[in-house]
Amino acid sequence: MDYTSLANRFWNDGYLVLEDFFEGDKMDYLNKLVLDHFGMKPEWEHTDEFLEKAATEVVPWFPYREGVTDFDLVDHDERFQKLTEAILGVGWDNLYCMAMFSKAGTKGQAWHQDCPPENSKQFNLNRLVYTHDITPEIGGETIVLPGSHKMGELSAGEPHEDLKDQVTLYPKRGTLVILHGHSWHRVLPIKGEFRVSTNFRAIPKGTPEDITDIAVYRNMRYRFSTNEVLEDRV
Ligand SMILES: O=C(O)CCC(=O)C(=O)O
Ligand SMILES: [Fe+2]
């Protein structure tokens with residue numbers, strides 16, 4: 001694996017898609033673990049205001065915070081760690097591991113940046129692992145605007161509208177998607193029974209641990225720790 005050229009591509013586009021990065025049987029095992037945790041009808045964890053305004057319907061689970069270490073199957077993968085280091089440099093660190101579940105008929109996630117983009121050196125790195133196929137039938141495609149990690153603040157506007165030059169990703173079981181936290185991205189509505197993705201978030205050296213507390217949407221900035229709209233955008 002040519003880590004340097006992959007890292008260069010990442011820094012150019014703001015994302016990378018690597019199919020068949022993880023073995024299918026590991027993915028099946030982790031997918032079952034996530035589904036067993038959530039059941040098919042988990043309660044929302046976010047406030048009604050957030051769900052409505054952010055047009056984002058997803059339930060997070062932080063397995064390590066509950067002592068569930070099975071996700072080491074991914075986290076301890078040497079290629080995964082080397083690729084992360086090629087992108088973030090020495091001294092990078094894990095931020096947290098978050099499995100995300102969305103059920104049938106939900107909205108997905110509106111356009112957002114995971115953290116404010118004003119300081120280009122301060123960002124989270126999403127390392128998204130897909131434990132089942134995302135297909136046009138299932139929905140929940142991940143959409144990203146290439147190069148947008150260098151474009152500053154997400155444009156204000158409709159939470160879910162199509163943007164020129166957006167790229168639609170159909171990650172499969174075992175696909176790794178690496179995505180810069182400043183890149184403009186969203187998730188389409190879910191048509192199938194469920195959608196699962198697991199994000200092994202990482203940070204470069206010197207990044208505050210609460211970097212993802214404030215997210216930028218097209219209609220607001222939102223702070224999760226206080227469940228607060230910090231700014232309305234029009
Ligand atoms: O699940 C995905 O494909 C993307 C989720 C996302 O926006 C994130 O983890 O920051
Ligand atoms: Fe995101």
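## Exercises on a predicted model

D165 lies in the loop between strand 6 (142-144) and strand 7; the model in which these exercises place this residue is a predicted one.

**Exercise 1.** Determine whether D165 is buried or exposed, and describe its backbone.

*Solution.* Begin with the backbone, where phi of D165 is positive, at about 75°, although the residue is not a glycine. Then count the neighbours: a residue is exposed if 12 or fewer other C-beta atoms lie within 10 Å of its own, and because D165 has 8 such neighbours inside 10 Å, it counts as exposed.

**Exercise 2.** Carry out the corresponding analysis for N227, starting from its place in the chain.

*Solution.* Locate N227 in the loop between strand 12 (220-223) and strand 13. Next, read its phi, which is near 50° and thus a positive value in a residue other than glycine. Finally, N227 has 11 C-beta neighbours inside 10 Å and therefore counts as exposed.

**Exercise 3.** Work out the strand order of the open sheet that seven strands form, and identify its edges.

*Solution.* Following the pairing from one strand to the next gives the order 7-6-9-4-11-12-13, and the pairing is antiparallel. The edges are strand 7 (167-169) and strand 13 (228-232), each of which pairs on one side only. From one strand to the next, the twist averages 30°. In general, strands of a sheet pair through backbone hydrogen bonds, in either a parallel or an antiparallel manner. For a detailed case, take strand 4 (residues 109-113) and strand 9, which pair in the antiparallel sense over two bridges; here Q109 has V187 of strand 9 as its bridge partner.

**Exercise 4.** Describe the surroundings of ligand 1 by residue, by element and by class.

*Solution.* First list the residues around the ligand, which are M100, Q109, D114, N126, L128, T142, H185, V187, S197 and N199. Strand 5 (125-129), strand 9 (185-187) and strand 10 (194-203) are the elements that give two or more residues to this shell. Sorted by class, the shell has three nonpolar, six polar and one charged residues. The bridge partners Q109 and V187 from the preceding exercise both appear in the list of residues around ligand 1.

**Exercise 5.** Assess the overall form of the protein chain from its radius of gyration, and add its composition.

*Solution.* A compact globule of 234 residues would have a radius of gyration near 17 Å, and the chain has 17 Å, so the two agree. Its C-alpha trace spans about 45 × 40 × 35 Å along the principal axes. The chain has five helices and 13 strands, and buried residues make up 38% of its 234 residues. Among contacts between residues at least 6 apart in sequence, 85% join residues at least 24 apart.

Terms used: Residues are numbered from 1 along each chain as its sequence is written. Chains are lettered from A and ligands numbered from 1 in the order in which they are written. This is a predicted model: local features need pLDDT of at least 70, side-chain atom pairs count only at pLDDT 80 or more; totals for chains, interfaces and linings use all residues. A residue is near a molecule or strand if its C-beta atom, placed from the backbone, lies within 6 Å of it. Helices (H or I, at least four residues) and strands (E, at least two) are DSSP runs, numbered from the N terminus. Ala, Val, Leu, Ile, Met, Phe, Trp, Tyr, Cys and Pro count as nonpolar, Asp, Glu, Lys and Arg as charged, and the others, Gly among them, as polar. The radius of gyration is taken over C-alpha atoms; the globule rule is 2.2 Å times the number of residues to the power 0.38. A residue is buried if 20 or more other C-beta atoms lie within 10 Å of its own, exposed if 12 or fewer, and partly exposed in between; C-beta atoms are placed from the backbone. Two residues are in contact if their C-beta atoms, placed from the backbone, lie within 7 Å. Two strands pair if DSSP finds at least two bridges between them. Axes are lines fitted to C-alpha atoms, for helices over the stretch in contact, and angles run from 0 to 180 degrees between N-to-C directions.
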